[in-house]
Amino acid sequence: MAVNSERLKDRFDRLAEIGKTAGGGVSRLALSDEDKEARDLFVSWLKDLGLEVKVDDLGNIYGILAGKNPDAAPLVMGSHLDSVPKGGRYDGTIGVLAGLEAVESLIEDGIEPQQPVIVVNFTNEEGARFPKPMISSGVLSGKFATEDMYNLEDDNGISIEEELNRIGYLGDRENRLQEADKFFEVHIEQGPVLIEKGVNLGIVEGIQGLSWHQITYTGETDHAGPSPMEYRRDAGVGAVTAMSRLYEWVKDLNDETLITFGKIKASPGAVNVIPGEVTFSIDIRHPDKGVLEERIEQMKQTLLDTALEMKLDSQIEDLAYMPPVAFSEGLTNALEDICKNKGISYHRMFSGAGHDAMYMNKLAETVMIFVPSIGGKSHNEAEESRWEDVAESTSLLYELVKQQVSAGSRVK
């Protein structure tokens with residue numbers, strides 16, 4: 001039996017009403033009243049299916065379908081229900097509902113899995129209200145400490161721990177997912193690649209690595225009127241020149257390198273004053289660790305050469321580094337085989353954004369399925385995906401789940 005697309009759509013529409021915005025999106029910030037309402041609805045669906053429901057001390061919600069072997073490591077699926085302010089209806093929600101639909105389809109088809117099967121909703125994936133994304137899956141994988149999560153505060157000084165208590169989702173530490181055999185996450189692409197290729201879905205091979213840097217160019221502040229052009233040490237022109245050179249360099253590479261200059265600040269910041277100091281950020285990404293590190297060194301050399309040419313002092317500060325994540329080759333190949341057998345059009349790709357799967361990959365064999373995003377839009381009210389692609393991706397997930405639970409899993 002195939003998954004029930006109408007049931008999936010009905011649940012999607014009901015969740016889309018919670019935190020609905022005037023522009024057709026949703027605002028369901030983590031641990032807000034809207035998030036609580038969405039969580040309560042999700043829990044009611046889990047209980048309607050007769051699943052065991054557990055909530056851990058991070059607020060993660062687990063719906064558990066028992067397996068023949070209770071000692072086997074579980075197969076886990078899911079994503080998140082929180083959103084950014086005025087976000088889209090699909091981001092995160094589709095992954096939770098696809099996992100729920102796969103579990104219900106197992107029950108309807110009378111398939112008793114060898115291992116437990118779990119659908120999960122992770123807390124604070126977005127990092128929009130509490131300023132660190134994917135922290136719950138990060139704690140599970142050992143990336144973050146529990147206290148780091150509890151002490152995170154929103155703009156009003158309210159902590160995650162306080163809000164978990166307030167909305168009734170501060171569960172027990174013993175309910176945490178300790179290990180997993182496999183983890184699957186369906187998510188919208190949040191980019192234009194799949195739509196432009198005209199395919200039904202993406203098979204995600206991993207997540208790009210990234211490196212963040214802050215660059216400060218220092219020249220000489222002076223008056224815009226009396227200062228001849230040939231004598232100026234203009235930090236603003238130096239920064240613009242460096243950013244332009246780096247941007248053109250990455251375009252000419254024509255590989256999977258991405259570069260972004262998201263923050264720029266000129267000082268003293270007056271219209272009629274030559275900026276003596278400019279600080280700007282760089283976000284550079286690539287899915288291959290060796291290539292990423294090579295690109296970082298090339299980038300730094302360009303920054304230094306430009307500063308020298310423009311007679312500026314330069315400082316490069318390394319802010320953050322996240323190595324690329326490679327998902328299970330066996331699972332990506334299994335998804336590809338299913339697509340070929342069923343005539344589903346697909347594209348193998350890397351994710352440019354982070355997801356809970358990035359940290360779950362430390363606990364289990366992991367793979368993601370991407371749903372095409374119309375226009376590549378995400379994190380805004382215009383976010384949209386074709387429903388036939390959502391249904392196809394959920395069907396693919398279910399086929400993979402059936403295949404894997406029949407094969408069994410390792411014992412905990």
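Colleague: Where in the chain does Pro268 lie?

Modeller: Pro268 lies in the loop between strand S10 (264-267) and strand S11 (273-274). A cis peptide bond joins Ser267 and Pro268, with omega about 10 degrees.

Colleague: What makes a stretch count as a strand or a helix here?

Modeller: They are DSSP runs, numbered from the N terminus: H or I over at least four residues for a helix, E over at least two for a strand. Keep in mind that this is a predicted model, where local features need pLDDT of at least 70, side-chain atom pairs count only at pLDDT 80 or more, and totals for chains, interfaces and linings use all residues. Residues are numbered from 1 along each chain as its sequence is written, and side-chain values use heavy atoms, with hydrogens and water left out.

Colleague: Let's try two other loops. Is Lys86 buried or exposed?

Modeller: Exposed means over 50% relative accessible area, buried means under 20%, and partly exposed is in between (1.4 Å probe, protein chains only). Lys86 has 53%, so it counts as exposed. It sits in the loop between strand S3 (75-80) and helix H3 (93-108), and its phi is positive, near 50 degrees, although Lys86 is not a glycine.

Colleague: And Asn124, buried or exposed?

Modeller: Asn124 has a relative accessible area of 2%, so that one is buried. Its loop runs between strand S4 (117-122) and helix H4 (135-140), and Asn124 too is a non-glycine residue with a positive phi, about 50 degrees.

Colleague: Why is Leu65 called buried?

Modeller: Its relative accessibility is 15%, so Leu65 counts as buried. Leu65 belongs to strand S2 (residues 61-65). Leaving aside neighbours within four places in sequence, Leu65 is in contact (heavy atoms within 4.5 Å) with Leu51, Val103, Leu106, Ile107, Pro113, Gln115, Pro116 and Val117.

Colleague: On to helix H6, residues 160-167. How do you know that its buried residues line one face?

Modeller: The buried ones are Ile160, Glu163, Leu164 and Ile167. Down the axis they fall within an arc of 105 degrees, so they line one face of H6. The arc is that of the directions from the helix axis to the C-beta atoms. As background, an α-helix has 3.6 residues a turn, so residues three or four places apart point the same way. The buried residues of H6 pack against helix H2 (33-48) and helix H5 (146-151).

Colleague: Why does Glu163 count as buried?

Modeller: Its relative accessibility is 6%, so Glu163 makes the buried list.

Colleague: What polar contact does the side chain of Glu163 make?

Modeller: It pairs with the side chain of Arg129 at 2.9 Å. A polar contact is a pair of N or O atoms within 3.5 Å; within protein, one must be able to donate a hydrogen and the other to accept it, and residues adjacent in sequence count only if both atoms are side-chain atoms.

Colleague: How does the reach of helix H9 (residues 289-309) compare with what is expected?

Modeller: H9 has 21 residues and reaches 30 Å from first C-alpha to last, close to the expected 30 Å. The expected span is 1.5 Å times one less than the number of residues.

Colleague: Which residues of H9 are buried?

Modeller: Leu292, Arg295, Ile296, Met299, Lys300, Leu303, Thr306 and Ala307. They cover an arc of only 135 degrees around the axis, which puts them on the same side of H9. On the other side, Glu297 and Leu308 are exposed.

Colleague: What caps the N-terminal end of H9?

Modeller: Asp288 does, with a side-chain oxygen 3.0 Å from the backbone nitrogen of Gly290.

Colleague: Last topic: which residues lie nearest the centre of the largest pocket?

Modeller: Pro133, Met134, Leu210, Met322 and Met358, out of 30 lining residues. S7, S13 and helix H11 (356-360) each give two or more residues to that lining, and S13 gives the largest share, three.

Colleague: What makes a space a pocket, and a residue part of its lining?

Modeller: On a 1 Å grid over the protein atoms alone, a pocket is an open set of points where a 1.4 Å probe fits, with protein on both sides within 12 Å along at least five of seven lines; lining residues have an atom within 4 Å of a point.
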